[in-house]
Every structure is written in structure tokens, then in C-alpha cells.
Amino acid sequence: MCSRLGVLVSDEVFSADWLALREAADHRSRAHELADRLGRTGQAAGWTHVLDLGSGTGSNLRYLAPRWPWVRSWTLLDHDARLLGAASAPGIADPIRLVGDLAAEGVDAISSADVVTASALLDLVSEEWMTRVVDACAARGAAALFTLSYDGSIDWRDEDPDDGLVREAMNAHQRREKGIGRALGPDATVVADRLFREAGYKTCLRPSPWILNGLKDRELTLALMQGWIEASIELRPTDADRLRAWQSRRAATVQAGAYEVMVGHCDVLAVPSDP
Ligand SMILES: C[S@@+](CC[C@H](N)C(=O)[O-])C[C@H]1O[C@@H](n2cnc3c(N)ncnc32)[C@H](O)[C@@H]1O
């Protein structure tokens, strides 16, 4: 999921530290079989060019490049030149780095891509942008793999009476304007799946939940909670004391490594009916 904190520096500007903090959880949580299935399809079809939208520092590239050795050219697109400048992956000498906006250069770049991919992005985008992306993919005959989109579920192993308050505020915040229209938030994957099917694609949805627990995920979980609380208080300032009290209770168990939380994400694969 896209989150805030010292994470989101300002609206839709993400810190490299946050992207690095989440990378291990992202990579282990993905629906690996969807990437592998698309890899086999791409190799058989003789595809060569992959476009990664909202690439940040290249986490999606680092996950996909070893699995898709047939790719000859990677294009990374992001509006943050600083993040793009830091993008690299072992064995990928020179990805093409495109500084641009998802709604302009991002949609245009699809016209030369065989595969369009993105990770941790769809919950930020609007249905209108998603429709343009699906239309551009269909016009080109490109496949798509959109991974790690937040699906609205946050489930703690041990319940707290205010878990629901935080989750509802977070989900409402997720659906606000994020720079490219009213964000799809938790509905993103389902909407992308429907739009691709309406365009004649074969699609496949798979869960890709973060399961966070123990000391190994402590820093990520604390950062995530901080982002949730900032978002929740922004939306419900009158509940600020209650929300901060929830954070203190949760932080005590997270600090001790005595917690487990499932943060729901979903991946969607869309392949043209005749690749
Ligand atoms: C949550 S981050 C995910 C980054 C990366 N895909 C990953 O998995 O680590 C979302 C990315 O989308 C980029 N982004 C957000 N809005 C954008 C826009 N309107 N145009 C281009 N990039 C955008 C941000 O700069 C950020 O790198």
C-alpha cells in the first residue's frame, strides 16, 4: 500500500527511506506465480520491452529482472527525479529513466511497451486514469501486471477496540484526491480487473498480503502505524486523542515484537486474448 509518514514527504512524494523499508515485505508478499506466468508468456511471445509506472527507486525492477531474463529494455517512469536517479538493479546496466507524470508521459509510454507493470501504485490512481491505461494497453496489445495494491483490510492477531476506527479512517483517506483524480484506494485492483476484462483481456487476481510480525518487521510496522495515524487524524481531528492512544497501545507490543498484522494487498495480471 502507499503510505505516509516521514515516508510521504508531501502529497505523493515518497521518501527513498520508506521505499527501502518496505522492499523486503513487498518482495516476499507478491503473488509470485503471476510474475512467473507472465514471464513464460512474454518469452514465448518474443516480447522485449517493459514499462514500470511509478517506479520509485526500482523495487519492481529488482524483483522482476531476475525472473524475466528475456527483457531487453526496461523503462522506469516517475515524476520524482531523485528517486529515479537512485534506481538500479543487479545485472541491469542502464534502465531508461523517464521523469514524467503518470497521466501524461506515463500513458504515452505505453505505446511502445510489451508489458506495463507497477507496484504499490494503483491505490493512488483514479478510475479515469486506469481507463486510459487499459485503453492504451489494448491499442498496443500490451500485457499488464499491477502488484501490491492495498485492498482495505488490516487485521491484527490480537484485537484492539479501536482497530476498526483506524482502518475506516485510513480507507476513507485512501479514496481522496491524490494528484491524478479521486483515488481508487482499496477498490483499485477490482476496478483494474473489470476494465481489462471489458477490454477483452484474460485476467487473474491474487492476494499479496503483507504479514508483518516480530522484530524483523518492527520498523516497517511502526512507520506504517505512524502513517495511518497521521492520515486518520487529518480526516478525524476530533478523534485525535483516541487515535494517539491506539498508537501508544499498539506501539508497546510492536516494540517488543509481540504482534502480528495482516495488511491486505492484491495483484492483478491482464494478458491480451492473443498475445
Ligand atoms: C508507493 S510509491 C511505489 C514506488 C515503487 N513502485 C515501489 O514499489 O517501491 C509510488 C510511486 O509513484 C510515484 N508517483 C506518484 N504520483 C505520480 C505521478 N502523478 N506521476 C508519476 N509518478 C508518480 C511516486 O513518486 C512514487 O515513486
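## Helix α6, a pocket and two cavities

In this predicted model, Gly-141 comes just after α6 and takes a positive phi of about 80°.

User: What makes α6 a helix of the expected span?

Analyst: Helix α6 runs over residues 127-140, 14 residues in total. The expected span is 1.5 Å times one less than the number of residues. For α6 that gives 20 Å, and the distance from its first C-alpha to its last is 20 Å. The reach is therefore close to the expected value.

User: Which residues of α6 are called buried, and what is the cut-off?

Analyst: Buried means under 20% relative accessible area. In α6, Trp-129, Met-130, Val-133, Val-134, Ala-136 and Cys-137 are buried.

User: Why are these residues said to lie on the same side of α6?

Analyst: Because they cover an arc of only 165° around the axis, they sit on the same side of α6.

User: What does the face turned away from the buried side of α6 carry?

Analyst: That face carries Glu-128 and Ala-139. Both are exposed, a word that calls for over 50% relative accessible area.

User: What do the buried residues of α6 pack against?

Analyst: They pack against three strands, β3 (49-53), β6 (115-119) and β7 (143-156), and against the helices α5 (102-109) and α8 (188-198). Contact here means heavy atoms within 4.5 Å.

User: How many cavities are there, and what makes a space a cavity?

Analyst: A 1.4 Å probe fits in a cavity but cannot get out. The count comes to two cavities of 30 Å³ or more. The second largest cavity has a volume of about 30 Å³.

User: Which residues line the second largest cavity?

Analyst: Ile-154, Trp-156, Asp-163, Val-166, Arg-167, Trp-228 and Trp-246 line it. α7 (163-174) and β7 each supply at least two residues of this lining. α7 gives the most, with three.

User: How do the residues of this lining divide into nonpolar, polar and charged?

Analyst: Five are nonpolar, none is polar and two are charged. Asp and Arg count as charged, while Trp, Ile and Val count as nonpolar.

User: What lines the largest pocket, and how much space lies in it?

Analyst: About 490 Å³ of space lies in the largest pocket. Its lining has 31 residues, and Phe-14, Gly-54, Asp-78, Leu-121 and Leu-124 lie nearest its centre. α1 (16-29), α3 (59-64) and β4 (73-78) are the elements that give two or more residues to this lining. α1 gives the most, with four. The lining of the largest pocket divides into 11 nonpolar, 11 polar and nine charged residues.

How values were computed:
Residues are numbered from 1 along each chain as its sequence is written. This is a predicted model: local features need pLDDT of at least 70, side-chain atom pairs count only at pLDDT 80 or more; totals for chains, interfaces and linings use all residues. Side-chain values use heavy atoms; hydrogens and water are left out. On a 1 Å grid over the protein atoms alone, a cavity is a set of points where a 1.4 Å probe fits but cannot get out, and a pocket is an open set with protein on both sides within 12 Å along at least five of seven lines; lining residues have an atom within 4 Å of a point. Grid points are joined across faces, edges and corners, and a volume is the space filled by probe spheres set on the points. Buried means under 20% relative accessible area, exposed over 50%, partly exposed in between (1.4 Å probe, protein chains only). The arc is that of the directions from the helix axis to the C-beta atoms.
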